[in-house]
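These are my notebook entries on one chain, made while I looked up its helices, its buried residues and its surface. I kept each entry short.

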Amino acid sequence: MESIQTIKKPFFKSLTGQILIAMVLGAILGVVIHNSVTAEAAQEFSNKIKILATIFIRLVQMIISPLVFATLVVGIAKLGDVKAVGRIGGKALGWFFTASFISLLIGMFYVNVLQPGVGLNLSNVDVTAASDVTGNAKSLSFNNFIEHIVPKSIFEAMATNEILQIVVFSIFFGLAAASLGETAKPIVKAMDKISHIVLKMVNFVMNFAPIGVFGAIAGVFAVRDFNELAITYFKFFGSFLVGIASLWVILILVGYFFLGKQMKVLLQHIVSPLIIAFGTTSSEAVFPKLTEELEKFGVKDKIVSFMLPLGYSFNLDGSMMYMTFAGIFIAQAYGIHLDLPTQFTMLLVLMLTSKGIAGVPRASLVVVAASCGMFDIPVEGIALILPIDHFCDMFRSATNVLGNALATSVVGKWEEDK
């Protein structure tokens, strides 16, 4: 794959530099507010400043549905036949499930070796804060899983940004357009033009990224005592970071194995999406930007438009690693022993129940809570990790972006080599 060379801007004028500066300034402002006003005033400040992050994420969300639909229809129409779609889809799902299994396994390994939940003091844990998560977990079932896959209305799916449902409709639409040949060409060309317009909108929206990151970081640090969090959750967070770091090493090594020296170029292209995902704790917020950067890297647009929407539903490596880690951590905290066969059963349950819930608020915690209920682990134990979850989510989101960028690039290379 060839990389398109871009003119380098000075670091502080680049989007990446501006986002990093925004993160630092947001953290400083948050700490100052936390240490200088009452808890009530800090909470009020946090609620107001987070509006900046909300505006940015909503701006991104407004273009995800048309982007996924237009690019995926065009991509499938360009692929030309059902065999090509099946071939690429098979490679994609094979990669996704392998990556998910390895990620879950890493989480299970480190939580057993480092045992961050053993000997934890369970006093003064606010279980009421977990009620919204545990409430969503109770509704997580096989029926909900199916509903997240099959849309009853494309308009409803677009209105709620159900990416997987949009993917299903777009695949049918794209295959139908491809089978009609010349008759459908005007529609496919129009879709292609729409996708380019939406990608242009991405450039406009990304100018708001530093402001959104600033608001998100300032809002969190205003209401969280960082020193207290660092001391209370040092073992949990430290163990989690060891697991995430190991996962990054494996992903990057796998990338070098398949992409060679191009892996370094890929990492250079996705620096901005990684930092935006880290700052906003939303991998969804970088979907359009990641699409653009992967095409600049040299992956064919038809591969990007097919792989990324699937990856956002099936390939959340950081979230996978966190699920086994958090579930077994809660069991350790309550002194519940889970033997290896039970842990592997939990791993398989998590692998299946986690698919297709992209877009669910705090999706990782919802799945963890649901799995805890299945294995007789107190679901209210979610309250143990809620205070630190935002910081874990920063690393989960960035890892999800890395995993999807890598999967798309590798499958793109496989298709090139055919």
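Entry 1. At which residue does helix α19 bend, and by about how many degrees? I worked from a predicted model. I found that α19, which spans residues 382-416, bends by about 65° at I388. I then looked up how far this helix is covered. Of its 35 residues, 29 are buried, so α19 is largely enclosed by the rest of the structure.

Entry 2. I took N404 as a residue to examine within helix α19. Is N404 buried or exposed? Its relative accessibility is 2%, and because buried means under 20%, N404 counts as buried. I listed its contacts, leaving aside neighbours within four places in sequence: N404 is in contact with L308, G311, Y312, N315 and L316.

Entry 3. I turned next to G107, which lies in helix α3, residues 82-114. G107 has 0% relative accessibility and therefore counts as buried. Which residues does G107 touch, if those up to four places away in sequence are not counted? I recorded M321, T324 and F325. I also looked up the distance from G107 to A326: their C-alpha atoms are separated by 8.2 Å, although the two residues are 219 apart along the chain.

Entry 4. I looked for nonpolar residues on the surface. F101, I102, L105, I250, L340, F344 and L348 form a nonpolar patch there, with about 550 Å² of accessible area together. Which elements give two or more residues to this patch? They are α3 and α17, the latter covering residues 340-353. L340 is placed in helix α17.

Entry 5. I checked the cysteines. A disulfide is a covalent bond between the sulfur atoms of two cysteines. How many disulfides are counted in this model? The count comes to zero, where the rule requires a pair of cysteine sulfur atoms within 2.5 Å. I noted the accessibility of two cysteines as well. C372 counts as buried at 0% relative accessibility, and C392 counts as buried at 0%.

Entry 6. I closed with totals for the chain. I recorded 19 helices and zero strands. Of the 418 residues, 52% count as buried. The accessible surface comes to about 18600 Å², and 66% of this belongs to carbon and sulfur atoms. What share of the contacts between residues at least 6 apart in sequence joins residues at least 24 apart? I noted a share of 87%.

Terms used. Residues are numbered from 1 along each chain as its sequence is written. This is a predicted model: local features need pLDDT of at least 70, side-chain atom pairs count only at pLDDT 80 or more; totals for chains, interfaces and linings use all residues. Side-chain values use heavy atoms; hydrogens and water are left out. Helices (H or I, at least four residues) and strands (E, at least two) are DSSP runs, numbered from the N terminus. Buried means under 20% relative accessible area, exposed over 50%, partly exposed in between (1.4 Å probe, protein chains only). Contact means heavy atoms within 4.5 Å. Patches are made of residues with over 30% relative accessible area and no salt bridge: like charges are joined within 9 Å, nonpolar side chains (Val, Leu, Ile, Met, Phe, Trp, Tyr) within 5 Å. Accessible areas come from the Shrake-Rupley method with a 1.4 Å probe; for residues, only the protein chains shown count as cover. A salt bridge is a side-chain nitrogen of Lys or Arg within 4 Å of a carboxyl oxygen of Asp or Glu. The bend at a residue is the angle between axes fitted to the seven residues ending there and the seven starting there.
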